[in-house]
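This report introduces the salt bridges of one protein model and the surroundings of the residues that form them. Please look over the sequence and the structure before reading on.

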Amino acid sequence: CFFYGYWNPIYLTLLLTSMAGNFFILKKIILSKKSKIYLMFGIFFNLCILGYFKYRNFFFENVSLVTGSEYSLKNIFIPLGISFFTFQQIALLIDTFDKKANCKKLVEFVTFVSFFPQLIAGPIVLFREIGHQINLILKNRGAGLKYLEIGICIFSLGLFKKVVLADTLGIYVDNGYLLVSSLTLIEAWILSIGYSLQLYFDFSGYSDMAIGLARMFSIRLPLNFYSPFKTTNIAEFWRCWHMTLTN
C-alpha cells in the first residue's frame with residue numbers, strides 16, 4: 001500500500017475501495033444461493049470503475065460529436081495499474097463462481113490483489129496460479145530466501161531491457177517521428193522496426209522485473225512474453241505477446 005500510495009496517496013483509496021467491494025462480493029458468491037446475481041453485480045462494479053477512469057472522456061467526446069452538444073471535460077489521471085487489479089479481481093470472482101478458486105481469507109485476498117511487483121504493470125495473475133504459494137508463505141512453509149539470487153538475476157535482465165535497450169531505442173524513435181515527413185523508405189522501415197523493438201523491450205522488461213521481484217519473495221509469477229518476434233504468423237505472435245492477458 002505504501003508502494004502504491006507513494007505515487008499518489010488519493011488513488012490508494014481507490015485501490016482499497018476496489019478491494020473492499022470485491023472481497024464483500026466474493027464472500028457473497030461463496031455463501032449465497034444467488035451467487036450468479038452477485039457475480040454479475042461484481043463484474044458490473046469493476047467495469048464501472050474501469051470505465052469511469054479510462055473511458056469517461058472518450059464516451060462524452062463521442063456523445064458530443066453525435067448530438068452536437070458540448071461537454072466541459074476535465075483531464076482525469078488514470079490510476080496506475082487499474083486495468084491489472086480490476087481484471088484480476090473479475091477473474092477471481094468468475095473462478096470462485098466456477099469453483100476453480102477458493103479464496104476465503106482477507107489476508108490472502110489482499111496479498112493477491114495488491115502484490116506490489118506486478119500491481120502496476122502486470123503480468124495479470126489468476127488466483128489459482130499463485131494462491132497456494134501465498135498460503136504456504138502465510139503458514140511459514142515458503143521457500144524463504146532460496147530463490148533470492150535467481151530473482152535478482154531475472155530482475156536485472158528486465159532492468160537492462162527497460163533502461164538500456166528500450167529507453168535508448170526510445171531516443172532514436174522519438175527523434176525519427178519528429179522528422180517522419182522527410183524520411184526515406186529505408187529510414188522509415190528502420191524507424192518502424194525500432195519502435196517495435198522499443199515496445200517489446202519496454203513491456204517484457206517490466207514483466208521480467210516483476211517476475212524477478214516476486215521470485216525474491218518465493219512467488220512464481222507466470223511468463224508474460226515468450227520470444228514473440230521468433231514466431232512465423234500473427235496468431236502465434238499474439239499467443240506469445242502479453243500471454244497472461246490472452247489467458
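## A buried lysine

In this predicted model, Lys 162 has a relative accessible area of 12% and is therefore buried, since a residue counts as buried under 20%. The side chain of Lys 162 meets that of Asp 167 in a salt bridge, with N and O 2.5 Å apart. Asp 167, at a relative accessibility of 35%, is partly exposed.

## A second partner and a network

Lys 162 also forms a salt bridge with the side chain of Asp 202, where the N to O distance is 4.0 Å. Because Asp 202 belongs to helix α9 (residues 185-216) and Lys 162 to helix α8 (residues 148-178), this pair ties together parts of the sequence that are 40 residues apart. Asp 202 is buried, its relative accessibility being 16%. Through salt bridges with shared partners, Lys 162, Asp 167 and Asp 202 are joined into one network.

## A link between helices α7 and α4

The model has four salt bridges in total, and one of them is formed by Arg 128 and Asp 95, whose closest N and O atoms lie 2.5 Å apart. This pair links distant parts of the chain, as Arg 128 sits in helix α7 (residues 127-138) and Asp 95 in helix α4 (residues 82-97), with their positions 33 residues apart in the numbering.

The two partners can also be described by their exposure: Arg 128 is partly exposed, at 42% relative accessible area, whereas Asp 95 is buried, at 7% relative accessibility.

Notes:
Residues numbered from 1 in each chain as written. Predicted model: local features only at pLDDT ≥ 70, side-chain atom pairs only at ≥ 80, totals over all residues. Heavy atoms only, no water. Helix = DSSP H or I, 4+ residues; strand = E, 2+ residues; numbered from the N terminus. Buried < 20%, exposed > 50% of the residue type's maximum accessible area, 1.4 Å probe, protein only.
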